[in-house]
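Student: Please take one part of this model and go through it closely. I would like cut-offs stated along the way.

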Amino acid sequence: MKILLFASAYNSMTQRFHVELVDLGHEVSIELALDHERMRQAVDLFQPDVIVAPFLKTAIPEDIWKQHLCIIIHPGIKGDRGPSSIDWAILEDESEWGVTALQADAEMDAGDIWASINFPLEGETKSDLYRGKGAQAAIACIKQTLANFIEPKYQPEPLDYGNPDVKGTWRNPLKQSHRAISWESDTTAEIVRKIRSADSQPGLLDVLFGEQFYLYGAHPENVLTGKPGELIAQRYGAICRATIDGAVWITHLKRKKKGEQVYFKLPAAQVLREYIQALPEVPVSLELSPHEVTFRDIWYEEKNQVGYLHFPFYNGAMSTEQCQRLRNAYLYARTKDTKVIVLMGGEGFWSNGIHLNVVEASADPAAESWQNINAINDFVYEVLRTDTHLVISAMQGNGAAGGVMMALAADKVFAREGIVLNPHYKRMGLYGSEYWTYSLPRRVGPEMAQKLTSVCMPMGTRVAKSIGLIDNYFGHTVSDFRTQVIKGAESLAQGEDFQHILWLKNKQRFLDEQYKPLAIYRQEELEQMKLDFTSNAYNTARYNFIYKISPSETPLHLAVHRQQVKDNIPCKLLSPA
């Protein structure tokens, strides 16, 4: 079918729909919902069979939905209506939630139901739920909807609150007053839930040192205590604030807009630097304690000759300091009496490379970019030169740019089914590093490597495996994925041919080094990156990304219908081989 996507942004959900629908063999074009007239133009130009809105903040014009089947992907259970569905579900501690495919109608979220998928809620943040279970359910909904669409006798289900299966209701927009924290009476669990209901947008508004800040990245703490509301500790950029029954860690803050001055998210301790110079830095062990509930952004565990290194950095961004600590943690893992090391990343994101927000906030962005890229390269180098272990990259969540290239340094790369990969840097105005000029062609060949880094389109796991970018994908859920990763890692560690596989790996690394040393790859990449870090292209792209500046028109590489009009060479997603 010809499917037109209307979206307010080309975000992770829109990208997921894009790659999944292309994988299914559909012809897909995208129009950003910048105004109604352009949406009408897109329909006239593309003549779609179905219009799908995976992420839309504005209404589809009546003349469009009256003439075309328009499916709205609503992040709520049957009968749920309103713009703050996930927020309310998390705030009210629902045990089950869902996604529903609705037909666009005059009344918001009240159209006929084409499909609905439910799933359990287990304490996720709003953003993790959106990218994880929500995205999986949304894809299942659109697949079911399209199957229903071609069934001649199928009739969608009218919204009927008299139906016992319809358990949702209308919910007004969730305001800051609905989730305001009372530090004198709210428990740790309540505060964590409130912050998670607003993460990553819009954030929970609170007051610190007489200023208003949005709070993000909440983690409970069961050891440190203090006067409720008081800041009692800091750790790796996060701050710890006491509650009536413990404490809560807050990893990121954003100042509230003042006049025309707009702010962006940064590590909390960095934002409050002038206020917390005397606040103690409380370290935490790298290895987990079974009874300790606290915040850590890197930890290590091992079982059955396999070590697992976790690094769930917020939004997948890796600052200079985080990269340095990750390298040290990896060196520690390499000293252990194990055979396999698994790089786990985080559930929401594997990694997105250097920390652009920290770069933007620095006094010298070019210098900070240089420090950051060298720090991540130092970590990647240690992975590449590992001769004592086999290394697995276990990509639980989405990855982009240097994060994808970082994963390729491992001997095996596994991905959770359905994550989205963006193995390119060009749209950020960068050539790229992380030894990609060594690792990427080694996996996909020089011709495909050039295509991936120049065409700059997202990729699903099915395509990634078909071209050799990853070794395999599996696991409908994070839990399923982890179970299979553990099974595969232990099988590798305990296999009779382990030493032979390790020997072959080391022999190949020796031959590769003789042909062209890793130091040369790094030098060549960084020579280009040094120029890029002072370029207008990088500075502008970084600024637009951080401040969420919307494009003035839909980029041609997304709008296939406009490519045809302008007689450009179409820029399409790769399809599975």
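Tutor: What follows is a close look at helix H17.

This is a predicted model: local features need pLDDT of at least 70, side-chain atom pairs count only at pLDDT 80 or more, and totals for chains, interfaces and linings use all residues. Residues are numbered from 1 along each chain as its sequence is written, and side-chain values use heavy atoms, with hydrogens and water left out.

Start with the extent. H17 covers residues 498-515, 18 residues in total. Helices here are DSSP runs of H or I, at least four residues; strands are runs of E, at least two; both are numbered from the N terminus. From first C-alpha to last, H17 reaches 26 Å, close to the 26 Å expected at 1.5 Å a residue. That expected span is 1.5 Å times one less than the number of residues.

Now the burial. Phe498, Leu502, Lys505, Arg509 and Asp512 are the buried residues of H17. Buried means under 20% relative accessible area, exposed over 50%, and partly exposed in between (1.4 Å probe, protein chains only). Down the axis of H17, the buried residues fall within an arc of 90°, so they line one face of the helix. The arc is taken over directions from the helix axis to the C-beta atoms. An α-helix has 3.6 residues a turn, so residues three or four places apart point the same way.

On the other side of H17, Gln499, Phe510, Gln514 and Tyr515 are exposed.

Finally, the packing partners. The buried residues of H17 pack against strands E15 (340-345) and E17 (390-395). They also pack against helices H11 (365-384), H13 (436-444), H16 (478-494) and H18 (518-532). Contact means heavy atoms within 4.5 Å.
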